[in-house]
Amino acid sequence: MARITGPLSGDAQKVVADALQGALVDLIDLSLVAKQAHWNIVGPHFRPLHLQLDELVDVARQHTDTVAERAVALGINPDGRSATVAGATKVQQPEHGWIDDGKVVATFTDILEGVIRRMRERVAATDEPDPVTQDVLIAVTQDVEKQHWMFQAQR
């Protein structure tokens, strides 16, 4: 069986693996909860928020692939299985059923704040062991912060 190896080992590989796996779980679940809200939003601002949630899904999915492929390039196995995501997620879950557009804005402002906080912790953690991974996580954080601003501006 072929094996993928990377330049990191020991503690550096563990720190980077944890950061990338945490980012992967956050991004996968972010795309899922955004799609859930996309399907269930109601209210006078339905249309623009419906489209904005799809934009958030696209951002999360694009970065999901980049984060997972960065892990593989380092010889780390990414785990995006549904059971893993469900068991490890720290993403706040939106309520079940129809969700008022104002509640969607408030919920996603809070969800994105949590994701940003965890991403910034990962950025800090990867500074020393792998600046290349840190750059990937900085790009994720930048795009998530932009999405946060756009939701927050609608409060």
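**Note on a cavity, an aromatic pair and selected residues**

1. Helices α1 (10-40) and α2 (46-73) each contribute at least two residues to the lining of the largest cavity, and of the contributors it is α1 that gives the most, with four residues. It should be kept in mind throughout that this is a predicted model, and that the values below are to be read accordingly.

2. The count of cavities of 30 Å³ or more comes to one, and the volume of the largest cavity is about 30 Å³. Its lining is made up of Ala 17, Leu 20, Gln 21, Leu 24, Val 67, Ala 68, Ala 71, Ile 76, Asn 77 and Pro 78. Sorted by class, this lining holds eight nonpolar and two polar residues, with no charged residue. As general background, rolling a probe the size of a water molecule over the atoms shows where empty space is left.

3. Two residues of that lining, Gln 21 and Val 67, also appear in the contact lists of residues discussed in this note. Thr 84, placed in helix α3 (residues 82-88), is in contact with Gln 21 and Asp 79 once its neighbours within four places in sequence are left aside. With Asp 79 there is also a polar contact, side chain to side chain, at 2.8 Å.

4. Val 67 is in turn a contact of Val 136, together with Thr 66 and Arg 70, again leaving aside neighbours within four places in sequence. Val 136 lies in helix α5, and it counts as buried because its relative accessible area is 16%, which is under the 20% cut-off. Ile 76, another residue of the cavity lining, is 60 residues from Val 136 in sequence, and the C-alpha atoms of the two are 15 Å apart in space.

5. Which residues form the aromatic pair that the structure holds? The structure has one such pair, formed by Phe 108 and Phe 151, and its geometry is stacked, with 5.7 Å from centre to centre and 25 degrees between the planes. The pair links distant parts of the chain, since Phe 108 is in helix α4 (residues 101-125) and Phe 151 is in helix α5 (residues 131-152), 43 residues apart. Both Phe 108 and Phe 151 are buried.

6. Is His 38 buried or exposed? This residue of helix α1 has a relative accessibility of 6%, and therefore His 38 counts as buried. Its side chain reaches the backbone oxygen of His 50 at 2.9 Å. Not counting residues up to four places away in sequence, His 38 touches His 50, Leu 53 and Asp 54, so that His 50 is named both for the polar contact and in the list of contacts.

7. Ser 31 is also a residue of helix α1, and because its relative accessibility is 6%, Ser 31 counts as buried. A polar atom of the Ser 31 side chain lies 2.7 Å from the backbone oxygen of Ile 28. When neighbours within four places in sequence are left aside, the contacts of Ser 31 are Val 57, Ala 60 and Arg 61. For a longer-range distance, Ser 31 and Glu 121 are 90 residues apart in sequence, with 20 Å between their C-alpha atoms.

Key:
Residues numbered from 1 in each chain as written. Predicted model: local features only at pLDDT ≥ 70, side-chain atom pairs only at ≥ 80, totals over all residues. Heavy atoms only, no water. Polar contact = N/O pair within 3.5 Å; in protein donor to acceptor, adjacent residues only side chain to side chain. Contact = heavy atoms within 4.5 Å. 1 Å grid on protein atoms, 1.4 Å probe; cavity = no way out; pocket = protein on both sides within 12 Å on 5 of 7 lines; lining within 4 Å. Points joined across faces, edges and corners; volume = space filled by probe spheres on them. Nonpolar A, V, L, I, M, F, W, Y, C, P; charged D, E, K, R; others polar. Phe/Tyr/Trp six-rings, centres within 6.5 Å; stacked < 30°, edge-to-face > 60°. Buried < 20%, exposed > 50% of the residue type's maximum accessible area, 1.4 Å probe, protein only.
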